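Biologist: I'm new to this one. Can you put it on screen and take my questions as they come?

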Amino acid sequence: MGIHQPEEEFIKHILNVDVDAGRRINVYTVIAMYDVMDEEGYAELEQRTVEEVTLSWDEIKKRGGVHVVNEEFNSRYNFE
């Protein structure tokens, strides 16, 4: 008998944005969500950080603004 590896199914990516007005930065965190099924058939939702990026408001402005930064993340991770 070998060790059972849990089965997992990717659900989606989500983007969290934490705005720190005092430091004038945004912290972008991309999280992947998975259904992880154990050998008895029970599923748990698991979240894993894929990427975390800190951008100053000046950097965001140079890139074209918040909308452009959001579109950059969306083109990489296809958020729903």
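Biologist: Let's start with E72. Is E72 buried, exposed or partly exposed?
Modeller: E72 is partly exposed, with a relative accessible area of 28%. Keep in mind that this is a predicted model.

Biologist: Which residue does E72 form a salt bridge with?
Modeller: The partner is R63. The closest N and O atoms of the two are 2.9 Å apart.

Biologist: And how accessible is R63?
Modeller: R63 has 40% relative accessibility, so R63 counts as partly exposed.

Biologist: How many salt bridges are there in the whole structure?
Modeller: A search finds four. Among them is the pair of E8 and R48, with N to O at 2.6 Å.

Biologist: Where do E8 and R48 lie?
Modeller: E8 lies in strand 1 and R48 in strand 3. They are 40 residues apart in sequence, so the salt bridge ties together distant parts of the chain.

Biologist: Why would those two side chains pair at all?
Modeller: Side chains of opposite charge can pair when their charged atoms come close.

Biologist: What about the exposure of E8 and R48?
Modeller: E8 is partly exposed, at 44% relative accessible area. R48 is partly exposed too, at 27%.

Biologist: Which residues are joined into one network by salt bridges that share partners?
Modeller: E8, E46 and R48. The side chains of E46 and R48 meet at 2.7 Å, N to O. E46 is partly exposed, with a relative accessible area of 32%.

Biologist: Does E46 show up elsewhere? What is the bridge partner of Y34 in strand 3?
Modeller: That is E46.

Biologist: OK, on to the sheet. What is the strand order?
Modeller: The order is 1-2-3, in an open sheet of three strands with antiparallel pairing. From one strand to the next, the twist averages 20°.

Biologist: Which strands stand at the edges?
Modeller: Strand 1, residues 7–20, and strand 3, residues 43–56. Each has a single partner strand, so one side of each has no neighbour in the sheet.

Biologist: What holds paired strands together in general?
Modeller: Strands of a sheet pair through backbone hydrogen bonds, either parallel or antiparallel.

Biologist: Over how many bridges do strand 2 and strand 3 pair?
Modeller: Over 13 bridges, in the antiparallel sense. Strand 2 covers residues 25–37. M37 stands opposite A43 in strand 3.

Biologist: How many residues sit between strand 2 and strand 3 in the hairpin?
Modeller: Five. One residue in the turn, G41, has a positive phi of about 95°.

Biologist: Now the helix. Which strands does helix 2 lie across?
Modeller: Helix 2, residues 66–77, lies across strand 1, strand 2 and strand 3. Helix 2 runs at about 140° to strand 3.

Biologist: Which residues make up the largest nonpolar core?
Modeller: There are nine: Y28, V30, V53, L55, I60, V69, F73, Y77 and F79. Strand 2, strand 3 and helix 2 are the elements that give two or more residues.

Biologist: Which element gives the most?
Modeller: Helix 2, with three residues.

Biologist: Pick F73. What is F73 in contact with, beyond its neighbours in sequence?
Modeller: Leaving aside residues within four places in sequence, F73 is in contact with L15, Y28, V30, E51, V53, N78 and F79.

Biologist: Y28 is on that list. Is Y28 buried or exposed?
Modeller: Buried, with a relative accessible area of 0%. Y28 lies in strand 2.

Biologist: Which residues does Y28 contact?
Modeller: Beyond four places in sequence, the contacts include L15, V17, V53, I60, V69 and F73. N16 is another of them. The C-alpha atoms of Y28 and N16 are 5.8 Å apart, though twelve residues separate them along the chain.

Biologist: Which side chain makes a polar contact with the side chain of Y28?
Modeller: That of N26, at 3.3 Å.

Biologist: Last one, T29. Where is the place of T29?
Modeller: T29 is in strand 2. T29 is buried, at 10% relative accessible area.

Biologist: What does T29 touch?
Modeller: Not counting residues up to four places away, T29 touches I14, L15, N16, T49, E51 and E52. The side chains of T29 and E52 are also joined by a polar contact of 3.3 Å.

How values were computed: Residues are numbered from 1 along each chain as its sequence is written. This is a predicted model: local features need pLDDT of at least 70, side-chain atom pairs count only at pLDDT 80 or more; totals for chains, interfaces and linings use all residues. Side-chain values use heavy atoms; hydrogens and water are left out. Two strands pair if DSSP finds at least two bridges between them. Helices (H or I, at least four residues) and strands (E, at least two) are DSSP runs, numbered from the N terminus. Axes are lines fitted to C-alpha atoms, for helices over the stretch in contact, and angles run from 0 to 180 degrees between N-to-C directions. Contact means heavy atoms within 4.5 Å. A nonpolar core is a set of buried Ala, Val, Leu, Ile, Met, Phe, Trp, Tyr and Cys residues joined through side-chain atoms within 4.5 Å. Buried means under 20% relative accessible area, exposed over 50%, partly exposed in between (1.4 Å probe, protein chains only). A polar contact is a pair of N or O atoms within 3.5 Å; within protein, one must be able to donate a hydrogen and the other to accept it, and residues adjacent in sequence count only if both atoms are side-chain atoms.
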